[in-house]
Amino acid sequence: MDESLKEQYVYRVFQKISKGYDRANRRISFGLQGSWKKMLIRQLEKRTPFRGNVLDVCCGTGDISQGIAKVRPDLNVTGLDFSPAMLRIAKAGNKRKNVHFRRGNALELPFEDDRFDGVCISFGLRNTSDYKRVLHEMRRVTKPGGYIYCLDSFVPENVLIRPFYTLYFRFVMPLLGGGIKHLEEYRWLYRSTKHFLRPEELRILLVRSGIRKIRSKTRMFGACNLIWGQK
């Protein structure tokens, strides 16, 4: 799909599914997505310096932003998303004074260089139209020595697991997540994962973006990976 067309399509998808997005994610992941996100939050919790600044790119409904702010009330957390519908839900549910949400595009982050001590993106990179550009922008706004984190869905590498994964995510997940009303939108979430980078390709792209000391954690036979490194 052409880059501009992908961006427009993804925008429409998330505008439509924002209202029931969190509930749908819990259903389609059998409640596991919460623990995957906590895995990211724990890394940010222990690596971000006292009173540091954190940026949550493609923050969606803001659950990661608020999760970070809860465990580290000393931090200043900014959640950014390009979907007004998602941001309305994020702002309405925000109970943390140290979290602020704003609208913006991951391809052109509206922040100066070296602003944040930690920058994360969760289940969002695969939905962008230019992975390399997003990672470059994330690195640009990260302070030297700060960390960049990518949590996302991947097609499992295990040849025994992959057929079952494909069967579920291609046929069962869209119906379970979106029902008849949003079936097409949740089919997109399958396609975006199918055509996304493999974990090793993402590691290589991070290194080429100027990020070092790459580490990772894997869950659910490789269907979920957290990959991070240091600027």
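Met138 has a relative accessibility of 0% and therefore counts as buried, the cut-off being under 20%. The residue belongs to helix H6 (residues 131–140) of what is a predicted model. Helix H6 packs on an open sheet of 7 strands, and the points below proceed from Met138 to the sheet, its two ends and the helices that accompany it.

**Surroundings of Met138**

- Neighbours within four places in sequence aside, the contacts of Met138 are Val57, Leu109, Val119, Cys120, Ile121, Ile148 and Tyr149.
- One of these contacts, Val57, has Leu80 of strand S2 as its bridge partner.
- Between Met138 and Ile204 the C-alpha to C-alpha distance is 16 Å, at a sequence separation of 66 residues.
- The helix that holds Met138, H6, touches strands S1, S4 and S5, and its direction makes about 145 degrees with that of S5.

**Sheet architecture**

- The strand order is S3-S2-S1-S4-S5-S7-S6, and the pairing is mixed.
- Strands S3 and S6 (212–219) each have a single partner strand and stand at the edges, so each has one side without a neighbour in the sheet.
- From one strand to the next, the twist averages 15 degrees.
- Helix H3 (residues 33–47) lies across S1, S4 (116–122), S5 (142–153), S6 and S7.
- The direction of H3 is at about 170 degrees to that of S5.

**Parallel strands S1, S2 and S3**

- Strand S1 (residues 53–57) runs parallel to S2, and 5 bridges join the two.
- The connection from S1 to S2 passes through helix H4 (residues 63–71) as a right-handed β-α-β crossover.
- S2 is also parallel to S3 (residues 99–103), again with 5 bridges; in this pairing, Gly79 stands opposite Phe101.
- A right-handed β-α-β unit is likewise made by S2, helix H5 (residues 84–92) and S3.
- Strand S2 (residues 76–81) is mostly covered, with 5 of its 6 residues buried.

**Antiparallel strands S5, S7 and S6**

- Strands S5 and S7 run antiparallel and are joined by 7 bridges; Ser153 stands opposite Cys224 of S7.
- On the S6 side, S7 (residues 224–230) pairs in the antiparallel sense over 6 bridges, with Ser216 opposite Ile227.
- S6 and S7 form a hairpin with 4 residues between them.
- Within that turn, Met220 has a positive phi of about 50 degrees.

**Burial of S7**

- Because 7 of the 7 residues of S7 are buried, this strand is largely enclosed by the rest of the structure.
- In a regular strand, side chains alternate between the two faces of the sheet.
- On one side of S7, the buried residues are Cys224, Leu226, Trp228 and Gln230.
- On the other side, Asn225, Ile227 and Gly229 are buried, and both faces of S7 are thus covered.
- Two of the buried S7 residues also appear in the pairings above: Cys224 is opposite Ser153, and Ile227 is opposite Ser216.

Note on methods: Residues numbered from 1 in each chain as written. Predicted model: local features only at pLDDT ≥ 70, side-chain atom pairs only at ≥ 80, totals over all residues. Heavy atoms only, no water. Buried < 20%, exposed > 50% of the residue type's maximum accessible area, 1.4 Å probe, protein only. Pairing = 2+ DSSP bridges. Right-handed = clockwise from strand over helix to strand, strands pointing away. Contact = heavy atoms within 4.5 Å. Axes fitted to C-alpha atoms, helices over the stretch in contact; angles between N-to-C directions.
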